[in-house]
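This report describes a protein chain for readers at the bench. Please keep the sequence and the structure in view while reading.

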Amino acid sequence: MRVAVAGTFGPIHDGHRALFRKALERGEEGVLVALTTDEFARGKRERPVPDFTDRRERLREEIDALDEWDRDVEIRELHDEHGIASTEPALDALVVSPETAHEIADINAERVRRNLAPMEGFVVPFVRADDGERISSTRLVAGEIDEHGELSAGEQSPTDEASGDGSGDDAMDA
């Protein structure tokens, strides 16, 4: 099975690593990583996004570190939302998060319109930070968490908040 995974992947965190692991695990015939171009990535975000070259280099390092199967991995530029997934005939499956799972139906409709076989979808659950919220690059860039979901200084997990002295002054300490 040839599997694709797509994203901006900058900065990389444990949620991305879960996607990469699933793609590598299932991609016996290869893995295609579609990495958003700078223009595409920055056009839809207000937060800073590392340059494509830096993201590609970091992505390659992460994939190499996670690839216990010695898969054939190709990294391609992604210029638009469904581009590669809806037009690449050699793809069998797409690895997505719950955030983008709904797009599989649209991608497959486009593939069928192009006389391509629909793809299987693998939805990887969100990886949660210490506070129970999902890990995201936005939270990482904002300084709320680190790449593993550990809360930064000044952030409290729900259990930390529950252990306050009850005075209601805990928010003043943050």
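Which residues form a negative surface patch? The patch consists of Glu28, Glu29, Asp92 and Glu120. Patches are made of residues with over 30% relative accessible area and no salt bridge, like charges being joined within 9 Å; a salt bridge is a side-chain nitrogen of Lys or Arg within 4 Å of a carboxyl oxygen of Asp or Glu. Asp and Glu count as negative, and the charge is placed at CG of Asp or CD of Glu.

This is a predicted model, in which local features need pLDDT of at least 70 and side-chain atom pairs count only at pLDDT 80 or more, while totals for chains, interfaces and linings use all residues. Residues are numbered from 1 along each chain as its sequence is written, and side-chain values use heavy atoms, with hydrogens and water left out.

**Overall architecture**

The protein contains seven helices and five strands, arranged along the sequence as β-α-β-α-α-β-α-β-α-β-α-α. Helices (H or I, at least four residues) and strands (E, at least two) are DSSP runs, numbered from the N terminus. Of the 174 residues, 43% are buried, that is, under 20% relative accessible area with a 1.4 Å probe and protein chains only, whereas exposed means over 50%. The protein exposes about 9,400 Å², of which carbon and sulfur atoms supply 45%; the areas come from the Shrake-Rupley method with a 1.4 Å probe. Among contacts (heavy atoms within 4.5 Å) with a separation of 6 or more, 66% link residues 24 or more positions apart.

**Loop residues**

| Residue | Loop | Relative accessible area |
|---|---|---|
| Phenylalanine 9 | strand 1 to helix 1 | 3%, buried |
| Glutamate 29 | helix 1 (14-26) to strand 2 (31-36) | 56%, exposed |
| Threonine 37 | strand 2 to helix 2 (38-43) | 5%, buried |
| Asparagine 115 | helix 5 (103-113) to strand 5 | 72%, exposed |
| Valine 124 | strand 5 (120-123) to helix 6 (137-141) | 8%, buried |

Leaving aside neighbours within four places in sequence, valine 124 is in contact with Ala18, Leu19, Lys22, Val95, Val96, Ser97 and Pro98. Its C-alpha atom is separated by 9.7 Å from that of arginine 21, 103 residues apart along the chain. With residues up to four places away likewise not counted, threonine 37 touches Phe52, Arg55, Glu77, Leu78 and His79.

**Backbone features**

Phi is positive in phenylalanine 9, near 50°, and in asparagine 115, near 65°. Glycine 10 and proline 11 are joined by a cis peptide bond with omega about -5°; proline 11 lies in the loop between strand 1 (3-7) and helix 1.

Notes
Patches are made of residues with over 30% relative accessible area and no salt bridge: like charges are joined within 9 Å, nonpolar side chains (Val, Leu, Ile, Met, Phe, Trp, Tyr) within 5 Å.
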